[in-house]
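Q: Please take a close look at the ligand and the part of the protein around it. Which residues and elements surround the ligand, and which contacts are made there?

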Amino acid sequence: MAEQSGPLAGKVAVVMGVANQWSIGYAIAESLANAGAKLAITYRAERSLRDATKLVELVPGSKAFQCDVDSDDDIDKLGDDLKAEYGVVDTLVHSIAFAPPAELRGRFIETTREGFITAHAVSVYSLIAAAQRISPLMTNGGSIMTLSYLGADRVFPQYNVMGVAKAALESTVRYLAADLGDARIRVNALSAGPIKTKSARGIPGFSTMKDAAADKSPIKGELTAKQVADVAAFLASDAASGITGETIIIDNGFHVLGI
Ligand code: NAD
């Protein structure tokens, strides 16, 4: 078990969206634990409990909670459980996204109403819903963050409706930041370059995106989840007290290139 020392010692961090050890949420939870934070891990499917438990074992007093963000009852229960278990929460990491696989094939113009609604409900509204229940527990101020992708601003083949959802997510970050600033709660997005995870493998154009980024970025090579996670630990810390409403891009510099 890690000693609770470091810049986040004594803080409680909720990390939503650990599917397995390859999840960006998993790497973020590890970084937050290494910085001393007590963890509350959420997972959707029972099969994720094994890896969620590995994280819980890193810091005494950590726990895992099942939560499907399609269900308001689940999110209500999560808020109630966090209040009962920890009282105060300091950090919320939202690392959740989903679009029906059919929407990530073919042309964007073929997006269905149902696919559009599902992608936005799971990938965007869930951040608002979680902030509604968890920001009231941030009585000492706090840091909320979510995961985005450059597909919010630029067109990547077959990223399709997820790109539009990420644009909505980044806008949501700015609106939440404006609402929650008075409570000294900061809200930011981490825009990560391509990293091989379960969700990423579901995007047919993912290998092309990843290989192009690794070959062309100013800093060559594949981005790791740890590189993103270390920025998350910074954002969770008081060192980032002046940053809110921001989208921080961690992509080895790929986004600065024109050609
Ligand atoms: P992942 O598959 O490990 O994580 C996605 C998570 O979303 C899983 O834990 C899954 O259970 C959860 N989820 C989906 N539907 C849910 C629901 N209804 N209720 C609760 N949880 C649900 O993949 P990842 O790549 O770690 O994705 C995490 C975040 O990072 C996503 O927002 C993704 O868009 C973003 N992101 C990923 C990359 C990449 O290249 N991997 C790049 C930029 C941004």
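A: **The ligand and its shell**

In this predicted model, an N or O atom in the side chain of S199 lies 2.5 Å from an oxygen atom of the ligand. Taken alone, the ligand would expose 810 Å², and the protein buries 92% of that area. Two further polar contacts also involve an oxygen atom of the ligand: one is with the side chain of K166, where an N or O atom is 2.8 Å away, and the other is with A19, which takes part through a backbone N or O atom at a distance of 3.2 Å.

As for its location, the ligand sits in the largest pocket. The shell around the ligand has 28 residues, of which S23, I24, I195, T197 and S199 come nearest, so that S199 appears both in this group and in the side-chain contact described above. When the shell is sorted by class, 16 of its residues are nonpolar, seven are polar and five are charged.

Turning to secondary structure, strand β5, which spans residues 142-148, and helix α6, which spans residues 198-201, each supply at least two residues of the shell. Helix α6 gives the most to the shell, with three residues.

A look beyond the ligand, over the whole structure, finds three aromatic pairs. In one of them, F65 and Y86, the ring centres are 6.4 Å apart and the planes stand at 65°, so the pair counts as edge-to-face. This pair links distant parts of the chain, since F65 belongs to strand β3 (residues 63-66) and Y86 to helix α3 (residues 72-86), with the two positions 21 residues apart in numbering.

Methods. Residues are numbered from 1 along each chain as its sequence is written. This is a predicted model: local features need pLDDT of at least 70, side-chain atom pairs count only at pLDDT 80 or more; totals for chains, interfaces and linings use all residues. Side-chain values use heavy atoms; hydrogens and water are left out. A residue is near a molecule or strand if one of its heavy atoms lies within 4 Å of it. A polar contact is a pair of N or O atoms within 3.5 Å; within protein, one must be able to donate a hydrogen and the other to accept it, and residues adjacent in sequence count only if both atoms are side-chain atoms. Accessible areas come from the Shrake-Rupley method with a 1.4 Å probe; for residues, only the protein chains shown count as cover. On a 1 Å grid over the protein atoms alone, a cavity is a set of points where a 1.4 Å probe fits but cannot get out, and a pocket is an open set with protein on both sides within 12 Å along at least five of seven lines; lining residues have an atom within 4 Å of a point. A molecule sits in a cavity or pocket if more than half of its atoms lie within 2 Å of its grid points. Helices (H or I, at least four residues) and strands (E, at least two) are DSSP runs, numbered from the N terminus. Ala, Val, Leu, Ile, Met, Phe, Trp, Tyr, Cys and Pro count as nonpolar, Asp, Glu, Lys and Arg as charged, and the others, Gly among them, as polar. Rings of Phe, Tyr and Trp (its six-membered ring) pair if their centres lie within 6.5 Å; planes under 30 degrees apart count as stacked, over 60 as edge-to-face and the rest as tilted.
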